[in-house]
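Work through the exercises below with the sequence and the model open beside you, trying each task before reading its solution.

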Amino acid sequence: MRIIEINPSQVSEHQALAPLAVPGACGAQGYLWISLTREEFRASLAEVQQILQSLCLTQLVDLHVADLLNDQLPSHFDYTSKYDVLVFRRLASGPGQPAPGNGKGTSTGEPPLVARRGPPVLRRVDTRPVGFAVFDRVLLSVHPEDGAVRDAFAVRLLAAGSADGQGAPALDARATSARVPTGTADLMLRVINQIVDGYLDLRRELTRQLDHWQTELIDPRSRFTNWSALMETRQSLHHLDEICEDQRAAIQDWIDLLETLPSPKGEAEQRERELIMVRSRDVLEHIERVVHHVRRLEQNAETAVQMHFSVQGHRANDIMRVLTVLTAIFLPLNLIAGIFGMNFEFIPLVHKADGFWIAMSAMLAIALLLVVIFWRKRYLARTR
């Protein structure tokens, strides 16, 4: 559990929920980020609801509580008049590491990761949902048990708060991501952006693996045998495409809701709304980039398989052509041998001393002549 109070002047971390339930515990200009794992959220639900009632004058609806506790929920967006709920699936673990769990299977109905074959990069295509409840003064986030994304962003947030507290300038555009978030929506979008960055890294690793397989599939001198891993890769890419489609739909619903809100009255509120819209569109563009690349990888894998079978078919045709030419060369030789093997008493050249050498010379001349003819017609030429 991590509880971070964010004010314009400083960022501080609390160790317990109970003191925050007192009215006025959070500053008038600040807001809270309460991040818990699902087990912590289930155990501290009463305290969390009390804090929300004290700071936001409302509580989570029972259906939204069930959504935040559900480990199999796809990415989606919902809202009420007081708060918004966004569920966003993130990668479950690092490359080659099994996701936390009981080993009986993944949350998406896939077989256990330990038993999966293929390259280690495929073991990352397993996701866990992260739930966000966005209030005006509280951002409640529910994470999987590892909480890697939460801890990484919390460290950056505390570092940015200490830098701003020391009066460090943050006017450079390259330092925008190091500024303290202006509100709960801005904070949620930054966490989601970090989640999407994990998919971009996975995209590059999948590209390298598929490029290696494409080289093996197209090479006519190699015999590709890793078909099971290739099929699992195609299934993983299709699964990743579905995940990203749900993410895109959820962010698009969030943007549509922002566009329907009434225009802010003050210039500062208008500026904050524009920044949130820009960051939301940036997250959506990153998701669309992942979707586009995943679909291109699926097409490349399908094209590589088709080219592999085309190369194998062309190779089989070359082999059959050579065998046919060799059969055509030996056919007249077999005919001559069959004629002289007939059981007749009077056959030309049979009773001559040099008849054998005359027949062998004729057969050799016919064979060489046919080889030259077939070579000129490129029947025996090797195709590149």
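**Exercise 1: a charged pair in one helix**

Arg190 is buried, as is Asp186, where buried means under 20% relative accessible area, exposed over 50%, and partly exposed in between, with a 1.4 Å probe and protein chains only. The model is predicted, so local features need pLDDT of at least 70 and side-chain atom pairs count only at pLDDT 80 or more, while totals for chains, interfaces and linings use all residues. Residues are numbered from 1 along each chain as its sequence is written, and side-chain values use heavy atoms, with hydrogens and water left out.

Task: Determine how far apart the closest N and O atoms of Arg190 and Asp186 are, and where the two residues lie.

Solution: Begin with the contact, a salt bridge whose closest N and O atoms are 3.4 Å apart; the term requires a side-chain nitrogen of Lys or Arg within 4 Å of a carboxyl oxygen of Asp or Glu. Then locate the partners: both lie in helix α5, four residues apart, about one turn of the helix. Helices here are DSSP runs (H or I, at least four residues), numbered from the N terminus.

**Exercise 2: two further salt bridges**

Task: Describe the setting of the Arg248 and Glu245 salt bridge, and then that of Arg150 and Asp151.

Solution: First, Arg248 and Glu245 have their closest N and O atoms 2.4 Å apart, and they are three residues apart in helix α6, about one helical turn. Arg248 is partly exposed at 22% relative accessible area, and Glu245 is partly exposed at 25%. Next, the closest N and O atoms of Arg150 and Asp151 are 3.3 Å apart; Arg150 is buried at 7% relative accessibility, whereas Asp151 is partly exposed at 28%. Finally, Arg150 and Asp151 are linked with Arg2 and Glu13 in a network of salt bridges, and the structure holds 13 salt bridges.

**Exercise 3: an unusual backbone angle**

Task: Which sign does the phi of Leu57 have, and is this residue buried or exposed?

Solution: Leu57 has a positive phi of about 60°, although it is not a glycine. Leu57 lies in the loop between α2 and α3, and its relative accessibility of 65% makes it exposed.

**Exercise 4: a residue of helix α7**

Task: Where is Phe330 found, and how accessible is it?

Solution: Phe330 is found in helix α7, which covers residues 267-340. With a relative accessible area of 47%, Phe330 is partly exposed.
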